[in-house]
Amino acid sequence: MGRAESTLFRGPTYYPGSKAPTHLLFGLILFSLATALSFLFLHASPFRLGLDLGHQPAEAWALGLADHCKDVQPIPESEFLERQHKLAQALHQLSASAYIAEPGASAQFFGNISGASWTLSERPLLLIVSPVIQGDQLVPKVTVLVPYFEETRAKQLRIPGAGVTYAPWKEDEDPFIIGAKSIFLSTGSRIYVDGMIRHFIVDGLQNAAPGTDVGLAPPEITSLRSRKSPTELALLQCANEVTLLAIRAVQKQMYIGIRESQVRDLMDHALTIAGIENRWALVLFGENAALPHGSGSDRELGASDFALIDTGGTLFGYNSDVTRTFMLPDSKLSGEHRELWFAVHTAQTAALDAAKAGVVTASVDKAARSVLAARGLGPYFTHRLGHG
């Protein structure tokens, strides 16, 4: 994503009018700044809404979105296999018997099982990867613990791996005992689990294998996912680029008096054209935008309002998350609000300049924070840069 432009920028959002508390306004715009930098470190037709879109052909206003990521490819099976082998090597070096994850980011990374492809419920489905010696080679053994009556559906998930096995458990069985039996365990064995796994699963595994230490995966394992391959970087870059382009396309269709719900529908339509799945959009105008992650009230955009769009989705399982806070050509913002907007713009520029390979992320946050502190605005920097 490039630098913010003057009319489309993930930056300040404020209350309309002069009665808005400056500290609250500033807190809200810092939320925009913080989320903007998250990805530096590392997924109804509007023409029925009664909008005046200039009588354009249905897709003319979103022209180019469909082609932007057309050449980007999903993660190939060979890369999944490489990840599994690296995981098995790390487990072996740590003298661990297995790594276990629920559907989500880590299970998707190692086994192509996303939270979208398999919704969590009280019936656990678990990805289990164990290091196994075959002859003179260390190989990953991939097992999927699955409810018996959903085994057929689980086999349609296209889980990569050499000889993936399934461990079905019936309704009258303890799933964790079934899962433990699929792992070679001995007294003092160690099982590592993903950090996002639900607690009842950890308890169930521990009770099923009382002589086993069940704990969170250490950095030797979590770092495997944090180091991105060229394919992953291309997916993240294109997902976020096309999301930004979608915001720009929607911005051009906005006008004073448009409602938050209408912009949400426009945003969903644009992201659909762009090929983004699992779409979401937060659209907030004026004082509604003063509450980060606010729900809005279907407010009409006023002439003295900033507009905030926080939106994203997934491209082949990789997320976009982009926010822009902007005014329209016909908007009439106060001088105070404009001044605060540019203060955050300056802080964002400092952070982007500081973000380089090998730099500790805390120093990037400090770069932005120092700019605002020098202006007496430091106490209102409430949302750190990023979410890690």
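Author: Quick ground rule: two strands pair if DSSP finds at least two bridges between them, and helices (H or I, at least four residues) and strands (E, at least two) are DSSP runs numbered from the N terminus. What you're looking at is a predicted model: local features need pLDDT of at least 70, side-chain atom pairs count only at pLDDT 80 or more, and totals for chains, interfaces and linings use all residues. Residues are numbered from 1 along each chain as its sequence is written, while side-chain values use heavy atoms and leave out hydrogens and water.

Reader: OK, what share of the protein do buried residues make up?

Author: Start with the inventory, which is 12 helices and 9 strands. Buried means under 20% relative accessible area, exposed means over 50%, and partly exposed is in between (1.4 Å probe, protein chains only). By that yardstick, the buried share of the 388 residues is 51%.

Reader: And how much of the exposed area do carbon and sulfur atoms supply?

Author: Accessible areas come from the Shrake-Rupley method with a 1.4 Å probe, and for residues only the protein chains shown count as cover. The protein exposes about 18,200 Å² in total. The part supplied by carbon and sulfur is 53%.

Reader: Which helix gives the most to the largest nonpolar core?

Author: A nonpolar core is a set of buried Ala, Val, Leu, Ile, Met, Phe, Trp, Tyr and Cys residues joined through side-chain atoms within 4.5 Å. The largest one has 62 residues, and Tyr 99, Ile 221, Val 250, Met 254 and Ile 309 touch the most other members. The top contributor, with 10 residues, spans 230-251 and is helix H9.

Reader: Where does this core lie relative to domain 1 and domain 2?

Author: Domain bounds come from an automatic or database domain assignment. Domain 1 covers 77-225 and domain 2 covers 228-332. Both give residues to this core, so its place is between them.

Reader: Which residues does Tyr 99 touch, leaving out those up to four places away in sequence?

Author: Contact here means heavy atoms within 4.5 Å. Leu 87, Leu 91, Ser 106, Phe 110, Leu 127 and Ile 128 are among the partners. The others on the list are Val 129, Tyr 192, Val 193, Asp 194, Ala 217 and Ile 221.

Reader: What does helix H3 reach from its first C-alpha to its last?

Author: The expected span of a helix is 1.5 Å times one less than its number of residues. H3 runs from 77 to 93 with 17 residues, for which 24 Å is expected. Its buried residues include Phe 80, Leu 87 and Leu 91. The C-alpha reach is close to expectation, at 25 Å.

Reader: Is Ser 95 buried or exposed?

Author: Ser 95 sits in the loop between H3 and S1. Its phi is near 55°, a positive value in a residue other than glycine. With a relative accessible area of 57%, Ser 95 is exposed.

Reader: Which residue is the bridge partner of Leu 126 in S3?

Author: S2 (residues 126-134) pairs antiparallel with S1 (residues 98-101) over 3 bridges. S2 is also joined to S3 (residues 137-147), again antiparallel, by 9 bridges. In the hairpin of S2 and S3, Gly 135 takes a positive phi near 65°. Across in S3, Leu 126 has as its partner Leu 145.

Reader: How many residues of S8 are buried?

Author: In a regular strand the side chains alternate between the two faces of the sheet. In S8, Ala 307, Ile 309, Thr 311, Gly 313 and Leu 315 point one way, and Leu 308, Asp 310, Gly 312 and Thr 314 the other. Both sets are buried, which makes the count 9 of 9.

Reader: In S9, which residue is the bridge partner of Thr 311?

Author: On one side, 7 bridges join S7 to S8 in the antiparallel sense, with Val 283 opposite Ile 309. S8 also pairs antiparallel with S9 (residues 318-326) over 9 bridges. In that hairpin, Phe 316 takes a positive phi near 50°. In S9, Thr 311 is matched with Val 322.

Reader: Last one: how far apart in space are Gly 64 and Ala 249, C-alpha to C-alpha?

Author: Gly 64 lies in the loop between helix H1 (22-36) and helix H2 (65-68). Gly 64 is partly exposed, with a relative accessible area of 42%. The two residues are 185 apart in sequence, but their C-alpha separation is 9.8 Å.
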